[in-house]
Amino acid sequence: MRIASCLVAATAVLAVLLTGQQDSGKFQFVEVSPADSGIHWIHDNARSDSRFLPESLGPGCAFLDYDGDGWQDVFLVNSGPSDFYRPSQKRRNALYRNQGDGTFLDVTEAAGVEGGTFGMGVAVADYDNDGDPDLLVTAYGALKLFQNQGDGTFREVARRAGLAWTGWTTSAAWFDADLDGDLDVYIGSFVKFDASMGGICGKNGLGLHFYCIPSLFEPTASRLYRNNGDGTFSRADRGTAIAEALGKALGVVADDVDGNGYMDLFIANDTVQNFLFLNHGPDGWEEVGLWAEVAFSADGRARSGMGVDAADWNGDGKSDLFVANVDGEMFSLYQNRGDGTFLDVAFPTGIAEATRLLSGWGLRFADFDLDGAVDLILANGHPDDMIERHRPRVTYREPLLLFAGGSSPRNVSGQAGGPFQERWPARGLAVGDYDNNGRLDVLVGNNGEAPLVLRNRSGAGNHWLGLELVGVRSNRDAIGAKVSWRVGGKTRSLRKVGGGSYLSSHDPRIIIGLGAVTSLDWVEIEWPNRERTRQRIEKPALNRYIKVIESVPQPVARPVP
Amino acid sequence: MRIHWRFVVLWLACCLVATLIASAQPAVESAYRLHQQGRLAEAVTAYRQVLAADPSLFDVRTNLGAALAALGRYDEAIAEYRAALTRAPGHLGIRRNLALAYAKSARLQEAISEIESWPEEQRRSLDVALLLADCYFRLGKEARTVAILSPHEGTAADHPGFLYLLGTARIRTGDASGGQRLVDRILRQGDSAEAQMIMGSAHVMGGEFDRAAAAFRRAIEINPTLPLAHSHLGKTLLELGDHNEALRHFELEIETNPTDFDAQLLSGVILRERQQWKAALAALEHARKIRPTAMEVPYQIALALLGAGMTAEACRELEQLLDAAPGFREARVSLATAYARLGQREKAAEQQALLRSRSGNPAKPQ
């Protein structure tokens, strides 16, 4: 018995060593056609000769299980009527119900989430802690809050909830800023814009109007809303560094970058410096982007930040940050030094060179091949549809990129399957396991086109564990929870961040990739409450999702379909 | 392109012949023979042995300077020429060699001062005018280049180097038609490296970077050592996003033309981006030597110092730079970062406040 245990442990150690070193070469994504998925919705970007800027920025998209059946559904954001656009036909968002057989059914009208505004993005969370996900749809115009009624329908409650805001909102992040057990929300605001500002940028050498560079427009203040716990929200940014910081927010992610237990906010701004708001809990917010060296490029320039994410990329226990920028600026991978500052390692990791001619939007750190290392997917596309007619080697449609994680990240886009060899006008990107096989699939919102659904066939044979965290004292979605696990004498961890990507929302479940490892010593959840209570699960069964309810000792296993 | 180098060789030969005539000493003859055979290091040693015995032989010292210059040891050559001039004040051959050594070692302002101190009649020749005009061109003072070369337009009609330099300078100073007339003369002479350079430059101005790169590559094919050809190709490749190839061509330019400002600066920038701090700083210091007043250079040096962890040195560079150019926003961002790294929070906050106060309102739509 003892010999057998030792043998198992030794095998596990060996497997970890092997998975840490081997070039898995197992990335494989396959495009799922509309005919196969049943997703026939097409984004309307409202493109006009005047080239109004909002036309170029959408759409966002999301994975969510709106009906609680264990299958990830899909939500897609559309444009709609605005002060510069009067669509001849009704434009609507789309909610597709996952039928569990690889196909989706359009349930938008029945669910009541059509929209009726010029939508931009979507942030999904259970803000009312009732066990089902709600939808915050940002917009050029009035944002919408769709409260899930638990019966397959939603009710629009933005005004009643105190979130009525007509401006130009973009990405939003749900997180529990004050650790009171319910989700607050940061809503990014872009620039001051109205219909009179269309057609003002022109002649690009072709005698045509083009989309203005956002530096021409005035910055705005984003907002933080505190959840009152009764279905309503109050402004929590007034008098804080958040209200003082005028930016042009396009991407937002919430993570505890300084490890003080409170979720901080990292904001990607377009043409002005990025913001890093440190959350000091009762002592308020502090903007430290410049000190932390994430505000500007290494040569002191503000870049065109769009998509963001946060994760412990290199496994050193600290949260790193990523920002996608516009072509010529290169993307940034900010490695957390652990002293309150970050180092942009995009050049030594090869990310800078690979992204030199690209403009990045949606993105996500995740373990796509289940080998235990954090990979990175990037959705790209230039905002100017005429760019290739007046700038060399920069194209409107751009390729997706995939970097394999590990001690030395590798650009594996060339080996990741057909969709990575094509070009897309990509914007939003959401990651989720829609077929419940443990492999994270990808949904990309394309500007003015049909969305792209990628089925992940990477990492065949690798083991995994999926976690569905349910907060009780903590916020129900457990956003901010830290998950640690021990295998082969090593402990790894990740945090469930809020927001991230661009205008989009991911599958809320957590996937731990294990490679060839066949058993875990334990998994521990550090819940996002003021006491940071911990809950450990010893030797969980693998290759399945388990539901972990805060303070309930035994997880409820969900069988793999 | 720059024909004056050929004239310099002639000047050197004159010096050597003069030396041979002036001295029948076997040691001098032996040194000269080594020099002629291209055994430059040995010639340097031999010349120095002669001078150790008789330091007053200014002609031997001039030859020593020429041998050192041929070895690329310009600072030593300059010292020898200056020493020779103390024995033979006003000697035109030595002064020409000195001016050339200044130019070759990127001490462009000293080269200009030297030439402009000569009597008017000694500055009238085409070769001297080309050297002087080229120095100004490299300093980015194209209007002076035009002023110096224009009087020679009637007599240098078939000189491609002259036509290219004057033509390019005219185009850069806004006289596109005047520049184009000279350029057309080169083009009428058939396919030449200079003609390809001109066509490449025209494509760059038209934003046709692929075609520009092809023209510059053809220029290099015709004349691999044509000054600025690799530099132009490198800059074009930067526009095309190919920084690896751009760096390679900047390095090739520097091999034959170390005084090219753009090649030194841009290779320094690329090396800095790649975190090759030592190499970046070396290239950037070369660029500073070429154009001591160019603001971008100390800024890039400061960034490389910051990257290399030499924060205090970076601070000094940035403080000096901001004294001269208080509106240099990116430099102020970097200075704030540097202060923060040094733990000087108050100074950093001061810079941040200045950044806020100087940011102003965004530009109004055009």
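# A guided tour of the predicted model

Select A:Pro59 to begin: this residue lies in the loop that runs between helix H2 (34-37) and strand S2 (61-64) of chain A. The model on display is a predicted one. Now show the backbone from A:Gly58 to A:Pro59, where the peptide bond is cis and omega is near 5°.

**The sheet that includes S2**

Extend the selection from the loop to strand S2 of chain A and the strands associated with it. An open sheet of four strands appears, ordered S2-S3-S4-S5 in chain A, and its pairing is antiparallel. Its edge strands are S2 and strand S5 (104-106) of chain A, each of which pairs on one side only. On average, neighbouring strands of this sheet are turned by 25° against each other, with direction ignored.

Next, isolate S2 of chain A together with strand S3 (residues 73-76) of chain A. These two strands pair in the antiparallel sense over four bridges. For one facing pair, display A:Ala62 and A:Phe75: A:Ala62 stands opposite A:Phe75, which belongs to S3 of chain A.

**The interface of chains A and B**

Display chain B alongside chain A and select the residues in contact. On the side of chain A there are 27 such residues, and they are in contact with 30 residues of chain B. The two chains bury about 2,400 Å² between them, and 54% of this area is on carbon and sulfur atoms. Within chain A, label A:Leu290, A:Trp291 and A:Arg393, which lose the most area to chain B; together they account for 25% of what that side buries.

Turn next to the polar features of the interface. Three salt bridges are found across the interface of chain A and chain B. Four residue pairs in polar contact, with both residues at pLDDT 80 or more, are also found across the interface of these chains. Colour chain A by secondary structure: strand S19 (285-287) and helix H6 (289-292) of chain A are the elements that give two or more residues to the side touching chain B. Recoloured by class, that side of chain A has 13 nonpolar, three polar and eleven charged residues.

Which residue of chain B meets the side chain of A:Glu293 in a salt bridge? Select B:Arg341: its side chain and that of A:Glu293 form this salt bridge at 2.8 Å, N to O. Keep A:Glu293 selected and inspect its backbone. Its phi is near 70°, a positive value in a residue other than glycine. A:Glu293 is found in the loop between H6 and strand S20 (308-311) of chain A.

**The sheet S35-S34-S38-S39**

For the last stop, select the strands S35, S34, S38 and S39 of chain A. In that order they make up an open sheet of four strands with antiparallel pairing. Strand S35 (490-495) and strand S39 (534-538) of chain A are the edge strands, each pairing on one side only. The average turn between neighbouring strands of this sheet is 20°, direction ignored.

Finally, restrict the view to strand S34 (residues 482-487) and strand S38 (residues 522-526) of chain A, which pair in the antiparallel sense over five bridges. Here A:Val483 stands opposite A:Ile525 in S38 of chain A.

Terms used: Residues numbered from 1 in each chain as written. Chains lettered and ligands numbered in written order. Heavy atoms only, no water. Pairing = 2+ DSSP bridges. Axes fitted to C-alpha atoms, helices over the stretch in contact; angles between N-to-C directions. Contact = heavy atoms within 4.5 Å. Buried area = accessible area lost by both parts, 1.4 Å probe. Salt bridge = Lys/Arg side-chain N within 4 Å of Asp/Glu carboxyl O. Polar contact = N/O pair within 3.5 Å; in protein donor to acceptor, adjacent residues only side chain to side chain. Nonpolar A, V, L, I, M, F, W, Y, C, P; charged D, E, K, R; others polar.
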